[in-house]
Amino acid sequence: MPETQSLQPTFVSFPRGALSGQGEVVLVDREAGVVVTDATPFHPVDHTWPDQPGDSGVLSVGGDRVVVTEAVMAALGDDGAFAVGTDIPVKRGADGWTWLVAHRIEGDIPASVTVGATAVLEVDAARRGGLSRGHTACHLASLALDAALADLWHKETGVDPLGNPDFEGRANQTSFIHADGSVDEYRLGKSLRKAGFDSAGFAESLQARQDRINELLAGWVAAGGESRIDVEGPSITDRRTWRSVLPGGEVGFLCGGTHVRSLQAFASITVALDLSDPQLLVMTTSVTPA
Ligand SMILES: [Zn+2]
């Protein structure tokens, strides 16, 4: 059993861009190698949709400094069960659980890191910066993809934040963000064709579609609009929305990740489309930082 006391969902400061902060240690699980504080600047990987890796960095109590290999989600059940990361048996936000950010510690946790101690938390800023650029670029590329494929839909379908047919929402299967880029996979199966998408027409015009996406992205980067995260409250369970200003208007998605503050953070964003498997589109997004 971890050392703990009654807990509140962890307060998080990463949505406003914080890279350092302090927190009171509220749970230590020496066996699992994790420490939970009441507040943290660390962004945790989501166990339900693990698109953006968790932050890494350093946690210090007094003179003891330990390496945080990755911040992850953790959940404490009303019955006392404690689960970390992919071992959490329920979906994000489920009732009966208190939702926490856990810091995975490299090596043994020093005796000074105990419930009630004050921890100083420092995120690896360079890694966070790369992941934030990668995540914002991933969202922008998906909007440009929807726009570039809009004329391939022969039936009414739901629309994305720019008003284009929502290819992303219909077909996206996985999304993996890394420093300064992302890889997204889209299923081009029978159900998408039944929904009115012209997969054959897409395959025939792949290069022109890729060129169109890159042209749109170049225009959005050149406009250098604002990018931000709006929060409904201070804790890890409160809904967060990414918003950005594009030449066509403001866009937004529900999103738990971290993002740049302005599209001026980019020198360029480009994508490459791969359809070697005709059932599976792979979109690779690459960032050159400004
Ligand atoms: Zn996102």
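What covers the buried residues of α5? I went through this predicted model with that helix in mind, and here are my notes.

1. To take the opening question: the cover over the buried residues of α5 includes two helices, α1 (125-148) and α4 (199-204). It also includes two strands, β14 (240-246) and β16 (266-277).

2. A word on α5 itself. The helix runs over residues 206-223, 18 residues in total. From first C-alpha to last it reaches 26 Å, close to the 26 Å you'd expect at 1.5 Å a residue. Right after the helix, G224 takes a positive phi of about 60°.

3. Now for its buried residues, which are L206, R209, Q210, I213, N214, L216, L217, W220 and V221. They cover an arc of only 160° around the axis, so they sit on the same side of α5. The spacing is what helix geometry would give: an α-helix has 3.6 residues a turn, so residues three or four places apart point the same way. If you want the other side, look at Q207 and A222, exposed residues on the face turned away from the buried one.

4. The packing of α1 on α5 deserves a look. Their axes are 9 Å apart and the angle is about 130°, which makes α1 oblique to α5. The crossing is right-handed. On the α1 side, the residues involved are L140, A141, L143, A144, L145, A147 and A148. They meet R209, R212, I213, L216, L217 and W220 of α5.

5. Zoom in on A148, which belongs to α1. Is A148 buried or exposed? Its relative accessibility is 6%, and because the cut-off for buried is under 20%, A148 counts as buried. Leaving out residues up to four places away in sequence, A148 touches R209, R212 and I213. A148 and Q210 make a nice pair to check on screen: 62 residues apart in sequence, they are 8.0 Å apart in space, C-alpha to C-alpha.

6. One last spot, away from the helices. Where does D180 lie? You'll find D180 in the loop between β11 (172-178) and β12 (181-187). D180 has a positive phi of about 60° although it isn't a glycine. At 19% relative accessibility D180 still counts as buried, because that value is under the 20% cut-off.

Technical notes:
Residues are numbered from 1 along each chain as its sequence is written. This is a predicted model: local features need pLDDT of at least 70, side-chain atom pairs count only at pLDDT 80 or more; totals for chains, interfaces and linings use all residues. Side-chain values use heavy atoms; hydrogens and water are left out. Helices (H or I, at least four residues) and strands (E, at least two) are DSSP runs, numbered from the N terminus. The expected span of a helix is 1.5 Å times one less than its number of residues. Buried means under 20% relative accessible area, exposed over 50%, partly exposed in between (1.4 Å probe, protein chains only). The arc is that of the directions from the helix axis to the C-beta atoms. Contact means heavy atoms within 4.5 Å. Axes are lines fitted to C-alpha atoms, for helices over the stretch in contact, and angles run from 0 to 180 degrees between N-to-C directions. Angles under 35 degrees count as roughly parallel, over 145 as roughly antiparallel, 65 to 115 as roughly perpendicular and the rest as oblique. A crossing is left-handed if the near helix is turned anticlockwise from the far one by less than a right angle, and right-handed if clockwise.
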